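Thank you all for coming. Please look at the sequence and the structure as they appear, and I will then take you through a few places in them.

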Amino acid sequence: MKLAILDAKTLGDDIDLNIFRDFGYIEIYPITKTKEETIERVKDKNIVITNKVIIDKDVMDNAPYLKLICVAATGYNNVDINYAKQKGIAVTNVAGYSTNSVVQHTFAMLFYLLENLRYYDDYVKSGEYSKSPIFTHLDRPFWELNGKTWGVIGLGTIGKKVAQVAESFGCDVIYYSTSGKNLDQAYPHKGLDELLSISDIVSIHAPLNEYTKNLITYDKIKLMKKTAILLNLGRGGIVNERDLAKALDEGLIAAAGLDVLEKEPIDPDNPLLFIKNKDRLLITPHIAWTSIEARQTLVKEIYLNIEAFIRGKQRNRVC
């Protein structure tokens with residue numbers, strides 16, 4: 001067997017990929033940037049592991065030995081699934097590996113924003129606290145989660161876990177189903193406008209599709225409380241970034257946290273980079289899924305997918 005990992009850097013330098021040598025000869029590429037590189041690196045391989053590298057018709061037509069594409073993620077939109085079916089090429093993905101990591105990051109972002117942690121850390125380290133006549137500092141008040149309303153947009157596996165943790169802090173949880181089909185849940189379902197208007201925290205854990213693209217616009221943010229916090233840990237494109245920048249500058253909401261953006265890496269001219277009050281916004285570079293444990297689980301699951309394929313069994317098959 002000949003294998004290739006096309007974008008190993010997305011899995012991290014601290015994760016051992018040598019386990020895949022169990023299946024034969026392997027070439028590991030930190031980054032694959034162009035279609036030409038992709039075609040060249042896939043053309044003689046039996047198995048390919050990819051996270052974000054696009055495997056389309058052209059790549060598959062130039063890979064006569066390709067039998068299995070392993071997507072190192074849950075979403076598989078970077079692979080032309082229909083054409084893979086036509087070519088008899090199996091595709092696998094990995095689901096659920098990052099749930100705990102994303103949930104943890106959701107609350108890390110929330111508390112950073114809610115309790116103004118950057119401000120208070122800077123206040124102490126700048127030397128201002130040492131000059132204070134009193135032992136505390138109350139310039140940036142924050143509120144407790146207990147008794148507040150947490151609105152979840154997208155109550156899938158991650159959304160449910162976020163809801164459970166929010167409940168443990170005493171929140172009243174409500175949710176909005178982006179498809180309108182996920183209605184048999186333990187929490188009250190609300191229309192989007194109602195959810196936005198009554199929630200103290202809104203967290204997004206939905207995929208990007210026809211139901212969610214540009215879901216949160218300026219007009220929707222205007223419905224929210226001025227004290228509310230918006231978190232997007234679903235996909236970029238769900239929140240209109242230009243509208244969010246405007247809303248933050250106008251103080252329509254207290255703060256926003258984003259782990260995902262419409263274009264990644266971020267464009268240098270993205271309006272979010274130029275908002276007036278940067279304390280109102282936290283952006284992390286798509287890291288919510290990347291705990292050490294999550295990435296270790298991801299690699300192990302890919303290994304098991306390959307092992308099952310070789311044995312003629314189906315495991316996490318997309319097609």
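I will speak about the empty spaces and then about two residues.

This is a predicted model, in which local features need pLDDT of at least 70 and side-chain atom pairs count only at pLDDT 80 or more, while totals for chains, interfaces and linings use all residues. Residues are numbered from 1 along each chain as its sequence is written, and side-chain values use heavy atoms, with hydrogens and water left out.

A search of the whole structure finds 1 cavity of 30 Å³ or more, where a cavity is a set of points, on a 1 Å grid over the protein atoms alone, at which a 1.4 Å probe fits but cannot get out. The largest cavity holds about 30 Å³ of space, and among the residues that line it, with an atom within 4 Å of a point, are Asn232, Ile238, Glu241 and Leu261.

The second largest pocket, by contrast an open set with protein on both sides within 12 Å along at least five of seven lines, has a volume of about 350 Å³. It is lined by 15 residues, and those closest to its centre are Leu113, Asn116, Pro141, Ala254 and Arg280.

Ala254 also lets us place Leu281, since their C-alpha atoms are separated by 9.1 Å although they are 27 residues apart along the chain. Is Leu281 buried or exposed? Leu281 is buried, because its relative accessible area is 13% and buried means under 20% with a 1.4 Å probe, counting protein chains only. Ile134, however, is exposed at 51%, the cut-off for exposed being over 50%.

Notes
Grid points are joined across faces, edges and corners, and a volume is the space filled by probe spheres set on the points.
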